[in-house]
Each structure stands twice: as C-alpha cells, then as structure tokens.
Amino acid sequence: MFRLADVARTIDPENSAALLTDLRNWFARGVLIWTVDPAEGVDPDQPALKPGSPGLLSRHRVIQAAITAHLVRLGVPPKDAAFAGGSFSDFSTPPRLPGMLFPRGETVLAVWRRGAGPFERRVLNVDPRESPRDLSFRVAGGGSLPLALITINCGDLLRSLEPLIGPSPAYPV
C-alpha cells in the first residue's frame with residue numbers, strides 16, 4: 001500500500017507538491033475512485049479511516065494515477081484521463097491481466113478523440129516496428145482515422161514506478 005505523497009514524488013519528483021494537490025482533488029471529486037470491493041485481479045485501496053489520516057493506494061491505483069497525471073499534462077481532461085488509465089490498471093485484455101503488460105510485444109495505451117466526441121482508449125499489444133500510422137489504422141476499427149493519437153508505453157511507465165511499487169509480477173508459467 002502506498003501513501004499519496006509518495007505516489008506524487010515518484011510520478012513527478014520536480015512538481016510533486018502540485019501533483020499531490022491534484023491527486024487529492026481528483027479523489028475528492030470522484031475522478032479517481034478508491035477501490036474497496038475489487039474485481040478479480042485488482043487489489044483494494046485503503047481510504048482514510050478518519051479525517052487527517054492517510055489513505056493508502058494499491059498498486060493498481062498508483063498505475064492509474066500515473067497514467068492520469070501524464071495524460072492531463074498532455075491536455076486530456078482529468079475524468080477522461082482517469083478512465084483511460086483504468087483501462088490498463090483495472091481491466092484485462094486476455095492474455096493480459098489488469099495492471100500488467102502483455103506477455104509478448106509492447107503494451108501501449110492509445111488515447112484519441114474524433115472531432116468533439118468523447119475520448120476513446122484502448123490497450124494494444126503492438127509490434128515495436130509498428131508505425132504511428134499503423135496504430136491509427138488499428139484504433140480506427142474501420143472508422144475514420146484519428147488526427148491525433150496519444151500513446152503511452154506501459155512498460156516504460158511501469159519501470160518509472162518501480163522505485164515505489166517494485167517490479168511487475170511475472171505471469172504464472
């Protein structure tokens with residue numbers, strides 16, 4: 001379990017005070033939600049038991065908070081950013097488990113928007129040789145290609161969080 005202040009320092013050491021304020025606001029506004037009754041494969045969080053005591057985040061919530069912070073810095077609204085982050089941290093895409101990388105290839109979280117519509121997101125298992133245009137075709141799914149596509153390399157993100165959350169667990173053999 002991880003304290004919010006430690007999470008903020010790990011995600012953005014240079015701006016951890018501002019990020020800590022954002023994280024507290026996101027939890028207070030329901031942008032990020034404490035998981036107390038987790039689904040299969042997702043660890044529970046421990047909300048503060050009384051005012052002034054720290055709440056503790058699970059590994060899954062730390063990952064979601066990191067993705068949310070990165071996407072917000074790129075201009076994605078917090079609610080959409082948190083929803084996209086939860087796509088990786090809390091949901092699986094077989095054979096990938098929640099908050100884990102695909103067993104082979106690169107694991108990429110793609111976020112895009114078509115016009116003024118809602119932000120869309122998808123966790124992709126990509127070949128490292130795929131171009132951004134290839135990814136655009138994959139997320140289009142037969143529709144129009146997005147003009148802009150934000151991608152987060154989930155392996156790089158998890159490595160950046162290792163000082164706090166440790167290495168990713170291995171898949172059962």
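Aspartate 45, leaving out residues up to four places away in sequence, touches Met1, Ile33, Trp34, Thr35, Val36, Leu56, Leu57, Ser58 and Arg61. Please keep in mind that this is a predicted model. The aspartate is found in the loop between α2 and β2, the latter spanning residues 56–57. Is aspartate 45 buried or exposed? Its relative accessibility is 6%, and because the cut-off for a buried residue is under 20%, aspartate 45 counts as buried. Its side chain also reaches the backbone nitrogen of serine 58, at 2.7 Å. Serine 58 thus appears among the residues that aspartate 45 touches, and the 2.7 Å approach is made to its backbone nitrogen. As a reference across the chain, the C-alpha atoms of aspartate 45 and serine 92 are separated by 19 Å, with these positions 47 residues apart along the chain.

Let me turn to two further buried polar residues, beginning with glutamine 64. This glutamine has its place in helix α3. Its relative accessible area is 9%, so glutamine 64 is buried. Which residues does glutamine 64 contact, once neighbours within four places in sequence are left aside? They are Leu32, Ala82, Gly85, Gly86, Ser89 and Asp90.

Serine 87 lies in helix α4. With a relative accessible area of 11%, serine 87 is likewise buried. Setting aside neighbours within four places in sequence, serine 87 is in contact with Arg96, Arg121 and Val123. The C-alpha atoms of serine 87 and leucine 158 are separated by 15 Å, and these two residues are 71 apart along the chain.

In the loop between α4 and β3 we find proline 95. A cis peptide bond joins proline 94 to proline 95, with omega at about 10°.

I come now to the nonpolar interior. In soluble globular proteins, nonpolar side chains tend to be buried together. Here the largest nonpolar core has 38 residues, and Val7 and Leu23 are those with the most contacts inside it. At least two residues of this core are supplied by each of α1, α2 (16–28), α3 (59–73), α4 (78–89), β3 (106–113), β4 (119–126) and α6. Which element gives the largest share of this core? It is α3, with 7 residues. As for leucine 23, its contacts, not counting residues up to four places away in sequence, are Leu4, Val7, Ala8, Leu32 and Ala65. A second, separate core has 7 residues, including Val108, Ala110, Trp112 and Leu135.

Finally, the packing of two helices. Helix α1, residues 4–11, packs against helix α6, residues 154–165, at an angle of about 145°, and their axes lie 9 Å apart. The crossing of α1 past α6 is right-handed. On the α1 side the participants are Asp6, Val7, Thr10 and Ile11, which meet Ser160, Leu161 and Leu164 in α6. By class, the residues of this contact are 4 nonpolar, 2 polar and 1 charged. Val7 therefore takes part in the contact with α6 because the residues of α1 and α6 that meet have heavy atoms within 4.5 Å, and Val7 is also one of the two residues with the most contacts inside the largest core.

Conventions: Residues are numbered from 1 along each chain as its sequence is written. This is a predicted model: local features need pLDDT of at least 70, side-chain atom pairs count only at pLDDT 80 or more; totals for chains, interfaces and linings use all residues. Side-chain values use heavy atoms; hydrogens and water are left out. Axes are lines fitted to C-alpha atoms, for helices over the stretch in contact, and angles run from 0 to 180 degrees between N-to-C directions. Helices (H or I, at least four residues) and strands (E, at least two) are DSSP runs, numbered from the N terminus. A crossing is left-handed if the near helix is turned anticlockwise from the far one by less than a right angle, and right-handed if clockwise. Ala, Val, Leu, Ile, Met, Phe, Trp, Tyr, Cys and Pro count as nonpolar, Asp, Glu, Lys and Arg as charged, and the others, Gly among them, as polar. A nonpolar core is a set of buried Ala, Val, Leu, Ile, Met, Phe, Trp, Tyr and Cys residues joined through side-chain atoms within 4.5 Å. Buried means under 20% relative accessible area, exposed over 50%, partly exposed in between (1.4 Å probe, protein chains only). A polar contact is a pair of N or O atoms within 3.5 Å; within protein, one must be able to donate a hydrogen and the other to accept it, and residues adjacent in sequence count only if both atoms are side-chain atoms.
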